Amino acid sequence: YDEMTAAERGEIWYTEFGCAGCHNTTGEPGLAGPTWQGIYGREELLTDGSTITVDDAYIRDSIINPNKQIVDGFAEGIMPENFTDRFDEKQAEILVNEGIEIDIIDDLISFMQTIE
């Protein structure tokens with residue numbers, strides 16, 4: 001993983017951790033979660049009527065606390081709440097096996113920034 005960019009690793013995590021099951025990168029509607037196409041920096045309306053800008057802080061919080069701020073049109077309780085544990089395990093495994101520290105959420109954010 002050390003030879004890869006954060007965005008390249010993020011694309012791997014997108015598949016490995018099942019993000020692709022609910023979030024596509026093509027803009028197609030109909031999945032359980034918002035498309036990641038053009039998501040970074042986009043304004044989103046939330047189910048509570050407020051709006052947010054999809055930035056690093058929002059993405060990180062949405063992964064760690066997936067039911068805190070739901071994008072309008074999507075249901076609460078769909079996204080698993082165990083990504084923090086799963087990511088911690090993978091990050092620890094990579095540190096032990098390859099001696100490098102990575103942040104899977106940062107990698108996913110880097111990947112999202114490349115999807116236009």
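Two rings of Phe, Tyr or Trp are called an aromatic pair here if their centres lie within 6.5 Å. In this predicted model, the structure holds 7 aromatic pairs. One of them joins F83 and F87, whose ring centres are 5.5 Å apart and whose planes stand at 40° to each other, an arrangement that counts as tilted. Their places in the sequence bear on this pairing, because F83 and F87 are 4 residues apart in helix α3, which covers residues 83-98, and are thus separated by about one helical turn. Both rings belong to residues that count as buried, F83 with a relative accessibility of 6% and F87 with a relative accessibility of 3%. The pair is also part of a wider group, since ring pairs link F83 and F87 with Y1, W13 and F17 into a cluster.

With that cluster in view, the reader can turn to the overall layout of the chain. The protein has 4 helices and 2 strands, and, read from the start of the sequence to its end, these elements follow the pattern α-β-β-α-α-α. The radius of gyration is 14 Å, close to the 13 Å that the globule rule gives for 116 residues, so the protein is as compact as a globular protein of that length. Measured out along its principal axes, the C-alpha trace spans about 45 × 25 × 25 Å. Of the 116 residues in the protein, 35% are buried, while the surface that the protein exposes comes to about 6,500 Å², with carbon and sulfur atoms supplying 48% of that area. The contacts can be described by their reach along the sequence as well: among those between residues at least 6 apart, 48% join residues that are at least 24 apart.

Charged side chains offer another way through the model. A search of the whole structure finds 7 salt bridges, and helix α3, already met through its phenylalanines, holds one of them, between E93 and K90, whose closest N and O atoms are 3.5 Å apart. These two residues both lie in helix α3, 3 residues apart, which is about one turn of the helix. The partners are not covered to an equal degree, for E93 is partly exposed, with a relative accessible area of 41%, whereas K90 is buried, with a relative accessible area of 13%. This bridge is also part of a network of salt bridges in which E16, K90 and E93 are linked.

Among the other salt bridges is the one between R42 and E44, where the closest N and O atoms are 3.0 Å apart. Here R42 is partly exposed, with a relative accessible area of 25%, and E44 is buried, with a relative accessible area of 13%. A further salt bridge brings together the side chains of D61 and K68, with a distance of 3.1 Å from N to O. In this case D61 counts as buried at 19% relative accessibility, a value just inside the limit, because buried means under 20% relative accessible area. Its partner K68 counts as exposed, with a relative accessibility of 57%.

The loop before helix α2 deserves a short stop. D55 is placed in the loop between strand β2, which covers residues 51-53, and helix α2, which covers residues 56-64. At 31% relative accessibility, D55 counts as partly exposed. Along the chain, D55 and P66 are 11 residues apart, and in space their C-alpha atoms are separated by 15 Å.

Finally, what can be said of the cysteines, and how many disulfides does the structure hold? The structure holds 0 disulfides. C19 is in no disulfide, and the nearest cysteine sulfur to it, that of C22, is 8.9 Å away. For C22, which is likewise in no disulfide, the nearest cysteine sulfur is that of C19, at 8.9 Å. The reason lies in the distance, because a disulfide needs a pair of cysteine sulfur atoms within 2.5 Å. In their surroundings, C19 is buried, with a relative accessible area of 9%, and C22 is partly exposed, with a relative accessible area of 27%.

Technical notes. Residues numbered from 1 in each chain as written. Predicted model: local features only at pLDDT ≥ 70, side-chain atom pairs only at ≥ 80, totals over all residues. Heavy atoms only, no water. Phe/Tyr/Trp six-rings, centres within 6.5 Å; stacked < 30°, edge-to-face > 60°. Buried < 20%, exposed > 50% of the residue type's maximum accessible area, 1.4 Å probe, protein only. Salt bridge = Lys/Arg side-chain N within 4 Å of Asp/Glu carboxyl O. Rg over C-alpha atoms; globule rule 2.2 N^0.38 Å. Contact = heavy atoms within 4.5 Å. Areas by Shrake-Rupley, 256 points an atom, 1.4 Å probe, with all protein chains shown as cover.
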